[in-house]
Amino acid sequence: EWGLDEPASWGRQVANSWRTTPDIADSWLSMTSRADLNEPLWEAAGPGGWNDPDMLEVGNGAMTFEESKAHFSLWALMKAPLLIGCDVRALTAETLEILTNAEIIAVNQDPLGVQGRK
């Protein structure tokens, strides 16, 4: 689907999450463009149904530590599924620090489920 047929408008009827963007790549530009594409769909997200701008690229190596922290934080704010997209057998200490940040995960798991927006 990848957001082509506007799944945010009908996805809740058939699923708990729906892809809202084309495939992500491990780069700052790709990540921020996926966030920008997902942001206007904020009203479709909420408990029981979530906009999915694609998996996390944290730990795949192209983004810096600071960029990866921003990536994880943006996905948490958007209430996106936090699907790890790197090889978990090869996590660095920095990647593990990002992916296990309890405060950021708590933002993502907030019971109100309101997707952040600009």
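Leaving out residues within four places in sequence, Ser 30 is in contact with Ile 24 and Ala 25 in this predicted model. Ser 30 lies in helix H1 and counts as buried, at 8% relative accessibility. Ser 30 and Arg 117 are 87 residues apart in sequence, and their C-alpha atoms are 18 Å apart in space.

**Helix H1 and the loop before it**

Ser 30 is one of the buried residues of H1, which are Ser 30, Met 31, Arg 34, Ala 35 and Asn 38. Around the helix axis they cover an arc of only 135 degrees, so they are on the same side of H1. The cover over these buried residues includes strand E2 (50-52) and helix H2.

Asp 26 is found in the loop between E1 and H1. Its relative accessibility is 19%; Asp 26 therefore counts as buried, the cut-off being under 20%. Not counting residues up to four places away in sequence, Asp 26 touches Glu 57, Asn 60, Gly 61, Ala 62 and Met 63. Asp 26 and Gly 48 are 22 residues apart along the chain, with their C-alpha atoms separated by 28 Å.

**Helix H2**

Helix H2 covers residues 65-77, and its 13 residues should span 18 Å at 1.5 Å a residue. The C-alpha atoms at the two ends of H2 are 18 Å apart, in agreement with that expectation. Which residues of H2 are buried? They are Ser 68, His 71, Phe 72, Trp 75 and Ala 76. The arc they cover around the axis is only 130 degrees, which puts them on the same side of H2. These buried residues pack against three helices: H1 (28-38), H3 (93-99) and H4 (102-108). Lys 79, just after H2, takes a positive phi of about 60 degrees.

**Positive phi and exposure**

Two further residues, neither of them glycine, have positive phi: for Glu 6 the value is near 50 degrees, and for Asp 54 it is near 105 degrees. Glu 6 is found in the segment before strand E1 (17-19), whereas Asp 54 is found in the loop between E2 and H2. Glu 6 is exposed, with a relative accessible area of 57%. Asp 54, at 9% relative accessibility, counts as buried.

In helix H4, the residue described here is Glu 103. Glu 103 is exposed, and its relative accessible area is 66%. Its C-alpha atom is separated by 17 Å from that of Leu 56, and the two residues are 47 residues apart along the chain.

The table gathers the accessibility values for individual residues.

| Residue | Relative accessible area | State |
|---|---|---|
| Glu 6 | 57% | exposed |
| Asp 26 | 19% | buried |
| Ser 30 | 8% | buried |
| Asp 54 | 9% | buried |
| Glu 103 | 66% | exposed |

**Aromatic rings**

How many aromatic pairs does a search of the whole structure find? The search finds zero. The ring of Trp 42 does have a charge over it: the charged end of Arg 117 sits 3.8 Å from the ring centre.

**The chain as a whole**

The protein chain has four helices and two strands. Along the sequence these elements follow the pattern β-α-β-α-α-α. The radius of gyration of the chain is 14 Å, close to the 13 Å that the globule rule gives for 118 residues, so the chain is as compact as a globular protein of that length. The C-alpha trace spans about 40 × 30 × 30 Å along its principal axes.

Of the 118 residues, 36% count as buried. Taking contacts between residues at least 6 apart in sequence, 69% join residues at least 24 apart. One contact set in the chain is that of helix H2, whose buried residues pack against H1, H3 and H4. On H1, what covers the buried residues includes E2 as well as H2.

Notes
Residues numbered from 1 in each chain as written. Predicted model: local features only at pLDDT ≥ 70, side-chain atom pairs only at ≥ 80, totals over all residues. Heavy atoms only, no water. Phe/Tyr/Trp six-rings, centres within 6.5 Å; stacked < 30°, edge-to-face > 60°. Lys NZ or Arg CZ within 6 Å of the ring centre and 35° of its normal. Expected span 1.5 Å × (residues − 1). Buried < 20%, exposed > 50% of the residue type's maximum accessible area, 1.4 Å probe, protein only. Arc of directions from axis to C-beta. Contact = heavy atoms within 4.5 Å. Rg over C-alpha atoms; globule rule 2.2 N^0.38 Å.
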